[in-house]
Amino acid sequence: MKTKDVMSWKRAIPSASLPPGTKQSVKVSDEKLLIGRSADGLLFAVENLCTHDDGPLAEGELDGRELVCPRHGARFDIKTGAALCLPATAPLTAFPIRENEDGWIEVNLEE
Ligand code: FES
């Protein structure tokens, strides 16, 4: 059980590379993710393409705890991935994320 837990978490980005109010596109195990930290410190990891028409979310704005798609302006909750306004109606896939004492941020792609 413990071994599976350790294997499920993957290193994504050094903590120092993600100060508050920033986000970065990161590839983890062939999955293209958008990983970020809101200005008030909430970590998040979501798929990097908008569910409306594949807009590149990494190029959009991080507005508080919402991601804004640069293509048509849909907004998503950073933690749950929920679509908050049109034209997107489907949620983003959101992944568990944690920050370790070893200075790395990890994501879990299997939960
Ligand atoms: S592609 Fe994101 S709102 Fe249209």
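In the predicted model, Glu-61 stands opposite Val-68 in β6. This pair belongs to the antiparallel pairing of β5 with strand β6 (residues 66-68), which extends over three bridges. Both strands are part of an open sheet of three strands, ordered β5-β6-β7, in which the pairing is antiparallel. The edges of this sheet are formed by β5 (61-63) and β7, each of which pairs on one side only. On average, and with direction ignored, neighbouring strands of the sheet are turned by 30° against each other.

The protein chain as a whole contains one helix and nine strands. Read from the N terminus, the order of its elements is α-β-β-β-β-β-β-β-β-β, so that the helix precedes the strands under the numbering of elements from the N terminus. The C-alpha trace spans about 40 × 25 × 20 Å along its principal axes. For 111 residues, a compact globule would be expected to have a radius of gyration near 13 Å, and the value of 14 Å found for the protein chain agrees with this. Of the 111 residues, 28% count as buried. Among the contacts with a separation of 6 or more, 38% are accounted for by residues 24 or more positions apart.

A further open sheet consists of three strands in the order β1-β9-β8, again with antiparallel pairing. Because β1 (9-14) and β8 stand at the edges with a single partner strand each, one side of each is left without a neighbour in the sheet. Neighbouring strands here are turned by 30° against each other on average, direction ignored. The pairing of β1 with strand β9 (residues 104-108) is antiparallel and comprises five bridges. Within it, Pro-14 has Trp-104 of β9 as its bridge partner, and Arg-11 stands opposite Glu-106 in β9. On the other side of the pairing scheme, β8 and β9 run antiparallel and are joined by three bridges. Glu-106 in β9 also has Arg-98 standing opposite. A hairpin is formed by β8 and β9, with four residues between them. Gly-103, located in the turn of this hairpin, has a positive phi of about 90°.

The side chains of β9 alternate in direction. Ile-105 and Val-107 point to one face and are buried, whereas Trp-104, Glu-106 and Asn-108 point to the other face and are not buried. In a regular strand, such alternation between the two faces of the sheet is expected. The two buried residues of β9 also appear among the contacts of Ile-97. Leaving aside neighbours within four places in sequence, Ile-97 is in contact with Ile-35, Leu-43, Phe-44, Ala-45, Ile-105 and Val-107.

Ile-97 is likewise prominent in the largest nonpolar core, which has 23 residues. The members that touch the most other members are Leu-33, Ile-35, Ala-45, Val-46, Phe-76 and Ile-97. At least two residues of this core are supplied by each of β3, β4 (43-47) and β9. In soluble globular proteins, nonpolar side chains tend to be buried together.

Several backbone features lie in the loops. Most residues other than glycine have a negative phi, and most peptide bonds are trans. Ser-29 departs from this pattern, with a positive phi of about 50° although it is not a glycine. This residue lies in the loop between β2 (22-28) and β3 (31-37). Ser-29 counts as exposed because 10 C-beta neighbours are found inside 10 Å, where exposure requires 12 or fewer. Asp-30, found in the loop between β2 and β3, also has a positive phi, of about 70°, although it is not a glycine. Asp-30 is exposed as well, since 6 other C-beta atoms lie within 10 Å. A cis peptide bond connects Leu-86 to Pro-87, with omega near 10°. Pro-87 is placed in the loop between β7 (75-77) and β8 (97-99).

How values were computed:
Residues are numbered from 1 along each chain as its sequence is written. This is a predicted model: local features need pLDDT of at least 70, side-chain atom pairs count only at pLDDT 80 or more; totals for chains, interfaces and linings use all residues. The radius of gyration is taken over C-alpha atoms; the globule rule is 2.2 Å times the number of residues to the power 0.38. A residue is buried if 20 or more other C-beta atoms lie within 10 Å of its own, exposed if 12 or fewer, and partly exposed in between; C-beta atoms are placed from the backbone. Two residues are in contact if their C-beta atoms, placed from the backbone, lie within 7 Å. Two strands pair if DSSP finds at least two bridges between them. Axes are lines fitted to C-alpha atoms, for helices over the stretch in contact, and angles run from 0 to 180 degrees between N-to-C directions. A nonpolar core is a set of buried Ala, Val, Leu, Ile, Met, Phe, Trp, Tyr and Cys residues joined through C-beta atoms within 7 Å.
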